Amino acid sequence: MRQAERSASTINTSFVRPAAFYINGFTNIPHAQYYYVFLCFVYIMTVVGNGFLMSVIYLVKTLHSAKYMIVFSLALTDLCGSTALIPKVLDTFLFDRRYIVYEACLSYMFFVYFFTSVQSWTLVTMAYDRFVAICFPLNYHRIVTKPAVAVMLLLTWAAVLSLIACMAGLLDRLSFCGSLVIQSFYCDHGPMYRLGCNDFSPNYNVANVFLVTIIFLPLTLIALTYVCIVVALSRIASGPERLKALKTCTSHLILVAIFFLPLMATNLAVLTSSLHPNTRIINSTLTHTVPALLNPIIYSLKTEELLKSIKKLWKISRLKIIT
């Protein structure tokens with residue numbers, strides 16, 4: 001019994017929880033500050049674009065439907081995800097505040113991963129909306145209701161919250177007795193847990209669960225919905241009708257491509273080969289920031305109903321100015 005107590009005491013005394021981490025960022029890249037200025041521009045345009053899209057959906061009553069609840073949720077998630085990441089990145093590197101308190105680092109990681117994960121499953125919800133609209137058009141308004149979509153979105157947020165909380169909790173059990181330099185541009189999960197001195201196999205396992213549940217499973221479900229859509233259209237629709245139905249899916253397909261392909265490529269490259277830290281940072285920053293910038297632009301330009309609503313708001317605002 002005394003031996004067990006002594007062993008537990010030794011473990012407790014050797015457990016190291018650092019006061020702060022150091023975020024390394026780019027190494028040996030001249031004029032790196034211009035890249036961060038570019039990110040600042042991306043953030044401003046992301047706020048403007050997503051804020052505008054949410055305002056249009058809120059102001060136009062004809063857009064108060066289940067479909068646009070999902071679009072509003074995606075815009076909100078894009079806005080929150082960019083806000084969780086970019087301002088802190090700018091503060092870290094433009095003002096050279098690279099030390100970050102331990103607890104703040106875990107929170108930083110939590111919110112970046114959380115909003116990225118919600119984005120992923122929101123795109124799955126959008127795919128479900130298109131699937132029902134095309135495969136079961138007569139029952140669409142009975143199946144895809146506002147309460148049903150609200151429940152789906154809330155379940156998504158709750159499930160993702162549990163997963164990311166688990167990732168953060170497992171990081172908190174690690175002892176950091178060696179280097180405290182995070183080889184990334186933010187408190188990234190992979191570079192963080194690899195700094196641990198004790199067994200980090202649970203962190204590695206939960207990272208794999210994250211890859212499956214946030215990247216590969218959503219992408220598989222989206223692919224299956226589009227297989228069903230293509231099969232349904234080939235059976236029941238004529239040429240012009242088929243083309244018209246597919247046009248309603250183009251904006252969603254573009255959103256899926258710009259979100260999943262870079263994210264999947266970056267993570268697969270990290271798992272299968274040794275990426276240079278600078279390459280990984282550039283890939284990761286663009287993967288986390290560019291989709292949130294492009295989503296409102298693509299959806300606004302590719303959705304006829306939304307374009308009409310924007311024109312309607314523009315005419316109303318002009319009339320108010322004239323009168």
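Contact here means heavy atoms within 4.5 Å, and in this predicted model that is the sense in which helix H4 (residues 102–135) lies across strands E1, E2 and E3. The angle between H4 and E2 is about 90°. The three strands in question make up an open sheet with the order E2-E1-E3 and mixed pairing. Its edges are strand E2 (99–101) and strand E3 (181–182), each of which pairs on one side only. E1 and E3 run in the parallel sense and pair over two bridges. One residue to look at here is Tyr 22, whose bridge partner in E3 is Val 181. As a general point, strands of a sheet pair through backbone hydrogen bonds, either parallel or antiparallel.

Stepping back to the whole chain, the protein has 11 helices and three strands. Read from the N terminus, the elements go α-β-α-α-β-α-α-α-β-α-α-α-α-α. The C-alpha atoms fit a box of roughly 75 × 50 × 35 Å along the principal axes. Of the 323 residues, 45% are buried. Take the contacts between residues at least 6 apart in sequence, and 80% of them turn out to join residues at least 24 apart.

How far can the model be trusted, going by its own scores? Mean pLDDT comes to 86, with 91% of residues at 70 or more. The start of the chain is another story: over residues 1–13 pLDDT stays under 50, and the model shows zero contacts for this stretch beyond four places in sequence.

Next come the charged pairs. Side chains of opposite charge can pair when their charged atoms come close. The count of salt bridges in this protein is five. One of them joins the side chains of Arg 17 and Asp 172, with an N to O distance of 3.0 Å. Because Arg 17 sits in the loop between helix H1 (2–14) and strand E1 (20–23), while Asp 172 belongs to helix H6 (residues 146–172), this pair ties together parts that are 155 residues apart in sequence. Both ends are partly exposed: Arg 17 has a relative accessible area of 43%, and Asp 172 comes in at 28%.

Another group of charges centres on Asp 91, which takes part in two salt bridges that link Lys 88, Asp 91 and Arg 97 in a network. The Asp 91 to Lys 88 bridge has an N to O distance of 3.6 Å. These two residues both lie in helix H3 (residues 66–94), three residues apart, or about one turn of the helix. The bridge from Asp 91 to Arg 97 is at 2.5 Å, N to O. Lys 88 is partly exposed at 28% relative accessibility, and Arg 97 is also partly exposed, at 47%.

The loop between H3 and E2 has more to show. Asp 96 is found in this loop and is exposed, with a relative accessible area of 56%. Its phi is near 55°, a positive value in a residue other than glycine. For context, most residues other than glycine have a negative phi. Arg 98 lies in the loop between H3 and E2 too, and its side chain makes a polar contact of 3.4 Å with the side chain of Asp 96. Setting aside neighbours within four places in sequence, Arg 98 also touches Phe 21, Tyr 22, Ile 23, Asn 24, Thr 92 and Phe 93. Tyr 22 thus turns up again, as the residue bridged to Val 181 in E3.

A positive phi appears at His 31 as well, at about 60°, although His 31 is not a glycine. This residue is found in the loop between E1 and H2 and is exposed, at 56% relative accessibility.

Finally, there is Asn 50 in helix H2 (residues 33–59). Is this polar side chain's residue buried or exposed? At 0% relative accessibility, Asn 50 counts as buried, so it falls under the 20% cut-off. A polar atom of the Asn 50 side chain lies 2.9 Å from the backbone oxygen of Thr 46. Beyond residues up to four places away in sequence, Asn 50 touches Ala 75, Asp 78, Leu 79, Ala 292 and Pro 296.

Key
Residues numbered from 1 in each chain as written. Heavy atoms only, no water. pLDDT = per-residue confidence, 0-100. Salt bridge = Lys/Arg side-chain N within 4 Å of Asp/Glu carboxyl O. Helix = DSSP H or I, 4+ residues; strand = E, 2+ residues; numbered from the N terminus. Buried < 20%, exposed > 50% of the residue type's maximum accessible area, 1.4 Å probe, protein only. Pairing = 2+ DSSP bridges. Axes fitted to C-alpha atoms, helices over the stretch in contact; angles between N-to-C directions. Polar contact = N/O pair within 3.5 Å; in protein donor to acceptor, adjacent residues only side chain to side chain.
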